[in-house]
Amino acid sequence: MILEDGKPLRRPLPWRISDYLWGIFPALVSLFTFIALWQYGHASLGAMLIPAPDVVLTRVAEILGNAVERQNVILTLQRGSIGISLALSFGIGVGLIAGSSRTLSLLARPIITVLLGIPPIIWVVLALFWFRASNANVVFTVTITTLPLVFAAAQMSVMTLPTPLSEMLRSYRVPLHRRLKAFYLPHILRQLLPALKVAVGTGLKITVMAEMLGSGDAIGGAIGEARSMLDAVDVMAYVVIIVTIIISIEYGLLEPLRRLFDVTRRQ
């Protein structure tokens, strides 16, 4: 880290914004490469197996422009947001507490292992027994499947704090707010943010699966109906919508959050 008068030398905000925007170009290159491979697969295998990208994107525009079909997307986002939010709030809070105590960590380890080992489809079936076909069914499934990931990351973020450095900061009586800002928060976020990306992506995918197998409405229900009609265009269109939402959250929220807290310490 470059220092000036004993303080970190930070780059100007406009420079950091332009650096972030420039970093989007490699992602765009990968995206266009994927679309090119998609077009090649369509030309090689035919529209029955792989619909053309332009046809699918046109269908995406139709879905978002239709009030009824757009409501399916909104309902899925609502359920996924509630489930992921519950998993994050509970998982992070309990994980930080468990990570600060060796006894609690040992007690929580087998529980998290069991939760991680249960396939999501099992939770979907159990939720059907407990909640029937309802919003609670989907929200519970999303929460219970993403919670162990977040809990484990939060627990590990506390357990891996450098003890000598923490003791040195306390011995020099560094104020708590400065320790949180310069030491604890960056270290914890370095462990948590990758887990948040996984939790968001996994949570939305589990939401669609739970809807298709459980509630039978929203995006999951639409995909199930398209599958029964062998409508590959609709299936791919909803897949594009879900992937676009995940990418938007990652590059529009989580990546700026990482740069805001300067987790990687890049100056």
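Residues count as buried under 20% relative accessible area, as exposed over 50%, and as partly exposed in between; the legends below apply these terms to a predicted model.

**View 1. Phe-140, a partly exposed ring paired with Trp-130.** Phe-140 has a relative accessibility of 21% and is therefore counted as partly exposed. The chain has four aromatic pairs. In one of them, the rings of Trp-130 and Phe-140 have centres 5.6 Å apart and planes at 75°, and because planes over 60 degrees apart count as edge-to-face, this pair is assigned to that class. The pair links distant parts of the chain, with Trp-130 in helix 6 and Phe-140 in helix 7 (residues 135-159), the two residues being ten apart.

**View 2. Phe-131 and the aromatic cluster.** Phe-140 also forms an aromatic pair with Phe-131, for which the centre-to-centre distance is 5.3 Å and the angle between the planes is 50°, a tilted arrangement. Phe-131 has a relative accessible area of 33%, so this residue is partly exposed. Taken together, ring pairs join Trp-123, Trp-130, Phe-131 and Phe-140 into a cluster.

**View 3. A nonpolar patch on the surface, with helix 6 as its main contributor.** Ile-121, Ile-122, Val-125, Phe-129, Trp-130, Phe-131 and Leu-213 make a nonpolar surface patch of about 650 Å². Helix 6 (residues 120-131) provides the largest share of this patch, namely six residues. Trp-130, which lies in helix 6, thus belongs both to the patch and to the aromatic cluster, and Phe-131 is likewise a member of the patch and of the cluster.

**View 4. Ile-111 in helix 5, with Pro-148.** Ile-111 is placed in helix 5 (residues 102-117), and its relative accessible area of 53% means that this residue is exposed. Although Ile-111 and Pro-148 are 37 residues apart along the chain, their C-alpha atoms are separated by 9.0 Å.

**View 5. His-42 in helix 2 and the residues in contact with it.** His-42 is located in helix 2 (residues 24-45) and, with a relative accessible area of 19%, is buried, because the limit for that class is under 20%. When residues up to four places away in sequence are left out, His-42 touches Ala-47, Ile-50, Pro-51 and Ala-52.

**View 6. The two low-confidence stretches, residues 1-7 and residues 263-267.** Over residues 1-7 the pLDDT stays under 50, and the model has nine contacts for this stretch beyond four places in sequence. Over residues 263-267 the pLDDT is also below 50, and this stretch has 19 contacts in the model beyond near neighbours in sequence. Among the elements of the chain, strand 1 (residues 3-4) has the lowest mean pLDDT, 44, whereas helix 3 (residues 53-65) has the highest, 92. For the protein chain the average pLDDT is 82, with 86% of the residues scoring at least 70.

**View 7. The protein chain as context for the close-ups.** The protein chain contains eleven helices and two strands, which follow one another along the sequence in the pattern β-β-α-α-α-α-α-α-α-α-α-α-α. Of its 267 residues, 36% are buried, and the chain exposes about 15600 Å², of which carbon and sulfur atoms supply 70%. Among contacts between residues at least 6 apart in sequence, 71% join residues at least 24 apart.

Conventions:
Residues numbered from 1 in each chain as written. Predicted model: local features only at pLDDT ≥ 70, side-chain atom pairs only at ≥ 80, totals over all residues. Heavy atoms only, no water. Patch = residues over 30% accessible without salt bridge, like charges linked within 9 Å, V, L, I, M, F, W, Y side chains within 5 Å. Areas by Shrake-Rupley, 256 points an atom, 1.4 Å probe, with all protein chains shown as cover. Salt bridge = Lys/Arg side-chain N within 4 Å of Asp/Glu carboxyl O. Helix = DSSP H or I, 4+ residues; strand = E, 2+ residues; numbered from the N terminus. Phe/Tyr/Trp six-rings, centres within 6.5 Å; stacked < 30°, edge-to-face > 60°. Buried < 20%, exposed > 50% of the residue type's maximum accessible area, 1.4 Å probe, protein only. Contact = heavy atoms within 4.5 Å. pLDDT = per-residue confidence, 0-100.
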